Amino acid sequence: MTYFDALETRSVDARAADLAERLPEQIARAKSAPGFAALLADADAAAIRTVADLATLPVLRKADLSAAQAAHPPFGGFTLKPAHGFAHIFQSPGPIYEPGGVDHDWWRMGRFLHAAGVGPGDVVQNCFGYHLTPAGMIFESGARTVGAAVLPAGTGQTELQVTAARDVGATAYAGTPDYLKVILDKAEAMGVTLGFRKAVVGGGALFPSLRKDYADRGISCLQCYATADLGNIAYETPAMEGMIVDEHVIVEIVTPGTGTPVAPGEVGEVVVTSLNRDYPLIRFATGDLSAVMPGESPCGRTNLRIKGWMGRADQTTKIKGMFVRPEQVAALVAKHDEIVKARVIAAREGEMDVMTVQIEADGGDEVSFARSVADLLKLKGAVNIVPPGSLPKDGLVIEDQRKYD
């Protein structure tokens with residue numbers, strides 16, 4: 001087995017020593033960007049040397065980034081170069097603007113493609129979009145990094161996709177998990193034999209049945225976890241035991257609506273710090289749920305593993321016509337020293353919404369908690385005090401039990 005580089009098999013101590021050197025530099029770099037000036041004003045960059053130190057800093061949410069970009073377009077003051085200093089400028093729904101570079105593996109996708117076996121001799125049919133959004137360029141950058149040729153196919157026009165794949169001898173597919181099946185089924189209908197043997201996918205759920213369908217056709221399919229803001233965050237290897245975190249990002253799992261790390265193995269929101277020198281996002285909340293997996297991958301890579309995408313952390317729910325947000329639940333927990341954890345449950349009684357707040361607490365009283373619920377959540381609801389450790393460790397702080405069918 002070959003690895004992308006020696007970073008993938010470092011010892012825990014070697015990785016920690018490298019982080020202790022690079023993290024203070026990145027925090028200092030971020031502090032020089034106007035967008036981070038207020039957010040990191042109290043941060044002592046030299047003292048931020050570990051993941052635990054990082055957890056003392058505030059979280060940057062997409063809503064914050066969007067608001068900053070609206071006030072100071074296009075990047076909200078979070079980049080270290082002006083817009084014209086980047087190779088590309090992308091626009092994602094929101095709109096959110098993202099910078100892009102063409103420096104070596106700027107999006108860090110090469111590591112994933114290498115793990116998937118893509119390299120010299122491969123022709124990658126890249127079916128991610130190239131229009132405004134960055135996915136197409138992210139995967140093209142990765143393919144170039146590992147020495148593969150790229151057919152920039154984009155999306156749609158399936159018959160032309162089949163013809164092009166046959167004519168250029170495409171051996172690898174890049175795109176959303178389900179579109180490859182559309183191409184393969186169309187090829188069968190056209191009586192065309194294609195040469196795909198590898199698939200690297202993202203941007204959607206790769207269901208086990210779909211992966212098996214590809215395997216039955218002789219295609220090895222692996223997925224990554226990437227975002228337009230951050231590039232590649234984590235990726236599968238042929239071991240297919242979780243996703244391995246990229247070597248140039250730091251991943252934390254926190255309680256939704258907060259920046260507080262959860263216990264190891266618990267489900268929470270993915271918060272990422274990028275070590276990209278041009279775009280130093282610090283504790284950027286992705287809005288996705290995941291959990292850390294114990295141990296190391298059987299493939300020999302030693303970095304942290306996560307379980308992959310497990311849902312959305314933004315559990316904002318309308319109850320009795322009012323929105324209840326994870327941040328409000330976090331404020332409830334923070335207000336009372338006795339509260340360990342809380343969970344809001346939305347349900348129906350007859351034709352009426354009802355709200356119950358389950359509170360893990362060591363002491364305290366129901367009346368006091370109920371007053372805080374009404375004050376912070378702006379709604380009255382039943383309070384149910386349960387012993388610490390009673391609530392599920394599934395990342396949910398707001399559970400909607402109402403049925404809409």
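Which residue just after α8 takes a positive phi? In this predicted model, that residue is Gly218, with a phi of about 85 degrees. The points below describe helix α8 and its surroundings, then an open sheet of four strands with the helix that packs on it.

**Helix α8 and its two faces**
- Helix α8 spans residues 208-216, and its buried residues are Leu210, Arg211 and Tyr214.
- Viewed down the axis of α8, these buried residues lie within an arc of 100 degrees, so they line one face of the helix.
- An α-helix has 3.6 residues a turn, so residues three or four places apart point the same way.
- Pro208, Ser209, Lys212 and Asp216 are exposed and sit on the face of α8 turned away from the buried side.
- The packing partners of the buried residues of α8 are α7 (179-190) and β7 (220-227).

**The four-stranded open sheet**
- The strand order is β19-β18-β17-β20, and the pairing is mixed.
- Strands β19 (382-386) and β20 (398-400) form the edges, each pairing on one side only.
- From one strand to the next, the twist averages 20 degrees.
- Strands β17 (residues 339-349) and β20 run parallel and are joined by three bridges.
- Val344 has Ile398 of β20 as its bridge partner.

**The helix on the sheet**
- Helix α9 (residues 326-335) packs on this sheet, where it touches β17, β18 (352-361) and β20.
- The direction of α9 makes about 135 degrees with that of β17.

Technical notes: Residues are numbered from 1 along each chain as its sequence is written. This is a predicted model: local features need pLDDT of at least 70, side-chain atom pairs count only at pLDDT 80 or more; totals for chains, interfaces and linings use all residues. Side-chain values use heavy atoms; hydrogens and water are left out. Buried means under 20% relative accessible area, exposed over 50%, partly exposed in between (1.4 Å probe, protein chains only). Helices (H or I, at least four residues) and strands (E, at least two) are DSSP runs, numbered from the N terminus. The arc is that of the directions from the helix axis to the C-beta atoms. Contact means heavy atoms within 4.5 Å. Two strands pair if DSSP finds at least two bridges between them. Axes are lines fitted to C-alpha atoms, for helices over the stretch in contact, and angles run from 0 to 180 degrees between N-to-C directions.
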